[in-house]
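Please open the structure in a viewer and keep the sequence at hand. The tour proceeds by selection, one stop at a time.

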Amino acid sequence: MSPLKITAQDAATGPVLEIAGELDHVHANTLREVLTTLTLRPGQRLVLVLAAMEFCDSSGITALIAAYRHAQAAHADFALAAVPAPTRRILRIVGLDQTFRLHPDSDTATRPRPTTT
């Protein structure tokens, strides 16, 4: 078992959480606890970078949903970046790929949206 490590950074678009290790029934509450410390402002984007995530079970998926809901409650956007193939497959099977914005990497996920005129 790889312990879960969450590293927080700030981007121009909002907070970025890098998730490393196993997001499973043992560690999912750690992500939920980190979410309670995040202050999101309307219009920001919460990005979870999953490139170093080694495993995600149903408790981990539920924690990702909690992160999405945390962003929604703040009227902020939510995105996942660098989602590993097994997790991307699960998201597709349960339909969350239609709810979550998925980006190939953190640079794309943290890029400000173009302004419309």
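The stops below pass from strands to salt bridges, and then to a helix and a loop.

This is a predicted model, in which local features need pLDDT of at least 70 and side-chain atom pairs count only at pLDDT 80 or more, while totals for chains, interfaces and linings use all residues. Residues are numbered from 1 along each chain as its sequence is written, and side-chain values use heavy atoms, with hydrogens and water left out.

**First stop: the strands**

Select residues 5-11, strand S1, together with S2; the two pair in the antiparallel sense over 7 bridges. Helices (H or I, at least four residues) and strands (E, at least two) are DSSP runs, numbered from the N terminus, and two strands pair if DSSP finds at least two bridges between them. S1 and S2 form a hairpin, with 2 residues between them. Within this pairing, alanine 11 stands opposite glycine 14 of S2.

Now select S2 alone, residues 14-23: this strand is mostly covered, with 8 of its 10 residues buried. Here, buried means under 20% relative accessible area, exposed means over 50%, and partly exposed lies in between (1.4 Å probe, protein chains only).

Add strand S3, residues 45-56, which pairs with S2 in the parallel sense over 7 bridges. Glutamate 22 has phenylalanine 55 in S3 as its bridge partner. To follow the connection, select helix H1 (residues 28-37): the chain crosses from S2 through H1 to S3 in a right-handed β-α-β crossover. Right-handed means that, with the strands pointing away from the viewer, the path from the first strand over the helix to the second runs clockwise.

**Second stop: the salt bridges**

Which residues are linked in a network of salt bridges? Select Arg45, Asp77 and Arg101, which form this network. A salt bridge is a side-chain nitrogen of Lys or Arg within 4 Å of a carboxyl oxygen of Asp or Glu, and by this rule the count comes to 2.

Begin with aspartate 77 and arginine 45, whose closest N and O atoms are 3.3 Å apart. This pair links distant parts of the chain, with aspartate 77 in strand S4 and arginine 45 in strand S3, 32 residues apart. Arginine 45 is buried at 7% relative accessibility, and aspartate 77 is also buried, with a relative accessible area of 13%.

Turn next to arginine 101, whose side chain meets that of aspartate 77 in a salt bridge (3.2 Å, N to O). Arginine 101 lies in strand S5 (residues 101-103) and aspartate 77 in strand S4, so the pair ties together parts that are 24 residues apart in sequence. Arginine 101 is partly exposed, with a relative accessible area of 43%.

**Third stop: helix H3**

Select threonine 87, which has its place in helix H3. Is threonine 87 buried or exposed? At 5% relative accessibility, threonine 87 counts as buried. Leaving aside neighbours within four places in sequence, threonine 87 is in contact (heavy atoms within 4.5 Å) with Met53, Cys56 and Ile61.

Isoleucine 90 is found in the same helix, H3, residues 85-94. Isoleucine 90 is partly exposed, with a relative accessible area of 31%.

**Last stop: a loop**

Finally, select histidine 75, in the loop between helix H2 (58-73) and strand S4 (77-81). Histidine 75 counts as exposed, at 61% relative accessibility. Not counting residues up to four places away in sequence, histidine 75 touches Pro42 and Gly43.
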